[in-house]
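Student: I'm new to this one and would like a close look at a single part of it. Could you walk me through that part slowly and then show me how it connects to what lies around it?

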Amino acid sequence: MNNHFAKPAHAREDWTIDQGWASYTDQEHQTWDTLYQRLMKVLPDRAAPEFLNGLEALDLHRGGIPDFERMSDELESLTGWRVVAVPGLVPDDVFFEHLANRRFPAGNFIRKPDQLDYIQEPDVFHDVFGHVPMLTDPVFADYMVAYGEGGLRSLRHASLKNLAALYWYTVEFGLIQTEQGLRIYGAGIVSSPAESIFSLEAPSPNRIAFDLERLMRTDYRIDDFQQTYFVIDSYDQLFKSTVDTDFAPLYADLQGEFDLKPEDIAPTDTVIHKGTQTYANKGGRFAA
Ligand code: HBI
Ligand code: FE
């Protein structure tokens, strides 16, 4: 996860660029609207209430790719966060520095019309539609700051891999238990119609109660639906376990490795659903 790559010439020292909102084409705004409409067919009874409230609070349904400045003014008044434009992935230290200072770096480009379902690098739809609504929730917003600060510390331990698993299984692929049942808060899920259904309803994946140390021991897949989803009870649980855990002994123990595979169930797990793993065992997205 040592992502060393060159900063584009037009980017500033902190890797930010102008969003260039006026330069989006009608077709690019249309791509946003198409993706938005697809997701709104599946998310109303599946996404966490805090996510849906965030979409409303930031007026993300008004159509077209949002203007980061307008959206950030609204977001800042709620939780102090702003969204800054970046050209794509940024180095880990730069990413964590932004989060620790309540700035969410979002790619300013949007996927091409022939890549609506799967993209390799996070684009403006994933970053803004997926991540920004949850930043309107005060506790989740504080969790993201704590993660950024933890990230800066982890760089001194060569343990980024374990900390990245925490981000992956919460911010990107987290589920939450509510009185209405399981709901999605992870950005990687809410920005995918297929995984929104799979994560909650498919018999294939495990669904296991959140345990910070356990999930930092767990390897993950970056190229397909997850084999295990971790379920929190509240954003408070997520925030508190992150700020109250001393990561140093854990990092020393793991040495930057994982000792659980994505599909493993550990003896200490509180299992909500034991997955059949049939999807992954048949080859997943690459099945014949
Ligand atoms: N850059 N733009 C961007 N978005 C990310 O999610 C991101 C990144 N750089 C590094 C990074 N994530 C990882 O370090 C963390 O997710 C662990
Ligand atoms: Fe993401």
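Let's settle on Gly256: is Gly256 buried or exposed, and what is its relative accessible area?

Tutor: Happy to, and keep in mind as we go that this is a predicted model. Gly256 is buried: its relative accessible area is 9%, and the cut-off for buried is under 20%. You'll find Gly256 in the loop that runs between helix 12 (247-254) and strand 7 (271-273).

So what sits around it? Leaving out residues up to four places away in sequence, Gly256 touches Ala158, Ser159, Lys161, Asn162 and Tyr251. Take Lys161 from that list: it is 95 residues away from Gly256 along the chain, yet the two C-alpha atoms are separated by 5.9 Å.

Now step back along the chain into helix 12. Just after that helix, Gln255 has a positive phi of about 55°. Inside helix 12, the buried residues are Phe247, Leu250, Tyr251 and Leu254. These four sit on the same side of helix 12, because the arc they cover around the axis is only 100°. Tyr251 is worth a second glance, as it is one of the residues that Gly256 touches. As for what lies over that buried side, the cover includes helix 6, helix 7 (160-172), helix 10 and helix 11. At the other end, where helix 12 starts, a side-chain oxygen of Asp246 comes to within 3.1 Å of the backbone nitrogen of Ala248.

Go forward again into the loop and you meet Asp259, which makes a salt bridge with Arg217; their closest N and O atoms are 2.8 Å apart. This pair ties together distant parts of the chain, with the two positions 42 residues apart: Asp259 belongs to the loop between helix 12 and strand 7, while Arg217 belongs to the loop between helix 10 (212-216) and strand 6 (228-232). The two partners also have different labels: Asp259 is partly exposed, at 47% relative accessibility, whereas Arg217 counts as buried, at 15%.

While we're on charged pairs, here are some others. Arg221 and Asp223 bring their side chains together in a salt bridge, 3.4 Å from N to O. Arg221 is partly exposed, with a relative accessible area of 22%, and Asp223 is partly exposed too, at 29%. Then look at helix 11, one of the elements covering the buried residues of helix 12. There, Asp236 and Lys240 form a salt bridge at 2.6 Å, N to O. They are four residues apart in helix 11 (residues 235-244), so about one helical turn separates them. Asp236 is partly exposed at 33% relative accessibility, and Lys240 is partly exposed at 43%. There is also a network: Glu69, Asp73, Glu76 and Arg82 are joined by salt bridges that share partners. The full count of salt bridges comes to 17.

For a contrast, try Asp137, in the loop between helix 5 (124-131) and helix 6 (138-154). Asp137 is buried but has no salt bridge, and Arg102, the nearest side chain of opposite charge, is 10 Å away. Setting aside residues up to four places away in sequence, Asp137 touches Glu50, Thr79 and Tyr235.

Glu50 takes us to helix 2 (residues 49-57), where Phe51, Gly54 and Leu55 are buried. They lie on the same side of helix 2, because they span an arc of only 100° around the axis. Asn53 and Glu56, on the other side of helix 2, are exposed. Among the elements covering the buried residues of helix 2 are helix 1 (26-42), helix 5 and helix 8 (187-190). After helix 2 comes Asp59, with a positive phi near 60°.

One last stop is ligand 1. Nine residues surround ligand 1, and the closest are Gly88, Val90, Asp92, Phe95 and Tyr147. A polar backbone atom of Gly88 is 3.1 Å from a nitrogen atom of ligand 1. Val90 has a backbone N or O atom 2.6 Å from a nitrogen atom of the ligand. With Asp92, a polar side-chain atom lies 2.5 Å from an oxygen atom of ligand 1.

Methods. Residues are numbered from 1 along each chain as its sequence is written. Chains are lettered from A and ligands numbered from 1 in the order in which they are written. This is a predicted model: local features need pLDDT of at least 70, side-chain atom pairs count only at pLDDT 80 or more; totals for chains, interfaces and linings use all residues. Side-chain values use heavy atoms; hydrogens and water are left out. Buried means under 20% relative accessible area, exposed over 50%, partly exposed in between (1.4 Å probe, protein chains only). Lys and Arg count as positive and Asp and Glu as negative; His and the chain ends are not counted. A salt bridge is a side-chain nitrogen of Lys or Arg within 4 Å of a carboxyl oxygen of Asp or Glu. Contact means heavy atoms within 4.5 Å. The arc is that of the directions from the helix axis to the C-beta atoms. A residue is near a molecule or strand if one of its heavy atoms lies within 4 Å of it. A polar contact is a pair of N or O atoms within 3.5 Å; within protein, one must be able to donate a hydrogen and the other to accept it, and residues adjacent in sequence count only if both atoms are side-chain atoms.
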